[in-house]
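Trainee: Could you take me through one part of this model in detail? I would like to look closely at the sheet and at what lies around it.

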Amino acid sequence: MNRNILILKGSPREKGNSAILADRAADGARQAGANVESVYLHGLDIRPCDACDLCAGGVCVIEDDMLPLYPKLAAADAILLASPVYWFTYSAQLKLCIDRWYGFQGNRWREVSGKEFGVILTYGDTDLYTSGAINAIHTFETMCRFLKSEIAGIVHGSLGDAGDAEKHPELLQQAFDLGKRLAAGK
Ligand SMILES: Cc1cc2nc3c(=O)[nH]c(=O)nc-3n(C[C@H](O)[C@H](O)[C@H](O)COP(=O)(O)O)c2cc1C
């Protein structure tokens, strides 16, 4: 059975650097035989978790664009997060979506556990520390540990203008290879 890969794109720039790398990962995953779906989060109405905790007894009750995303998250064998670094961590678009995974608590987060995860991070500053990308990576690693999930790979790079990722064949290759690993599974 072909594996399902879900890609969550966290940049408002639809053709920005993290999106270019995410698309390259999708190419790698498709070439390896996976079904891939990419979601451009900035185009969705995703409201913040309001901590009502009604999901403890079932599902999230906020009626917005997360509702169709929950079954996609649950059905995915692997999930790839792709985000620019904004203020030293994930973009708000991606963080809003991840916060809402709290809605899976009714079933002890089983629907988002035991998968393979990857992350792609792009930033304007020179390295992992000055950019703050290290904070997003720490969050990512902690999340994967909590969700008892494997880390398939972390791709990151210092990139400025939208489209700069096209000038970095090594990053494009890393993203492609990450897609292939997500498609292959453990
Ligand atoms: C609101 C905002 C906040 C940003 N914060 C950071 C930051 O904290 N660290 C950093 O290195 N770059 C920061 N940047 C630069 C972006 O991370 C960088 O341009 C990245 O390559 C954009 O990726 P994208 O093309 O996928 O949107 C910021 C850019 C914006 C617009």
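Mentor: Happy to! In this predicted model, five strands make up an open sheet, with parallel pairing and the order S2-S1-S3-S4-S5. The edges are taken by strand S2 (35-40) and strand S5 (150-158); each has a single partner strand, so one side of each is left without a neighbour in the sheet. From one strand to the next, the twist averages 15 degrees.

As a general point, the strands of a sheet pair through backbone hydrogen bonds, in either a parallel or an antiparallel way. For a concrete case here, look at strand S1 (residues 4-9), which runs parallel to S2 and is joined to it by six bridges. Within that pair of strands, Ile7 stands opposite Ser38 in S2.

Now add the helices. H1 lies across S1, S2, strand S3 (78-84) and S4, and its direction is at about 150 degrees to S4. Helix H5 (residues 133-146) lies across S3, S4 and S5, running at about 170 degrees to S4.

From here we can move on to the ligand. It is surrounded by 17 residues, and the closest are Ser11, Asn17, Ser18, Val85 and Leu159. Several polar backbone atoms are worth displaying. A backbone N or O atom of Asn17 is 2.7 Å from an oxygen atom of the ligand, and for Leu159 a backbone N or O atom also lies 2.7 Å from a ligand oxygen atom. At Gly124, a polar backbone atom is 3.1 Å from a nitrogen atom of the ligand. On its own the ligand has 650 Å² of accessible area, of which the protein covers 76%. Helix H1 (17-31) and strand S4 (116-123) are the elements that give two or more residues to the shell around the ligand. By character, the residues of that shell divide into eight polar, seven nonpolar and two charged.

How values were computed
Residues are numbered from 1 along each chain as its sequence is written. This is a predicted model: local features need pLDDT of at least 70, side-chain atom pairs count only at pLDDT 80 or more; totals for chains, interfaces and linings use all residues. Side-chain values use heavy atoms; hydrogens and water are left out. A residue is near a molecule or strand if one of its heavy atoms lies within 4 Å of it. A polar contact is a pair of N or O atoms within 3.5 Å; within protein, one must be able to donate a hydrogen and the other to accept it, and residues adjacent in sequence count only if both atoms are side-chain atoms. Accessible areas come from the Shrake-Rupley method with a 1.4 Å probe; for residues, only the protein chains shown count as cover. Helices (H or I, at least four residues) and strands (E, at least two) are DSSP runs, numbered from the N terminus. Ala, Val, Leu, Ile, Met, Phe, Trp, Tyr, Cys and Pro count as nonpolar, Asp, Glu, Lys and Arg as charged, and the others, Gly among them, as polar. Two strands pair if DSSP finds at least two bridges between them. Axes are lines fitted to C-alpha atoms, for helices over the stretch in contact, and angles run from 0 to 180 degrees between N-to-C directions. Contact means heavy atoms within 4.5 Å.
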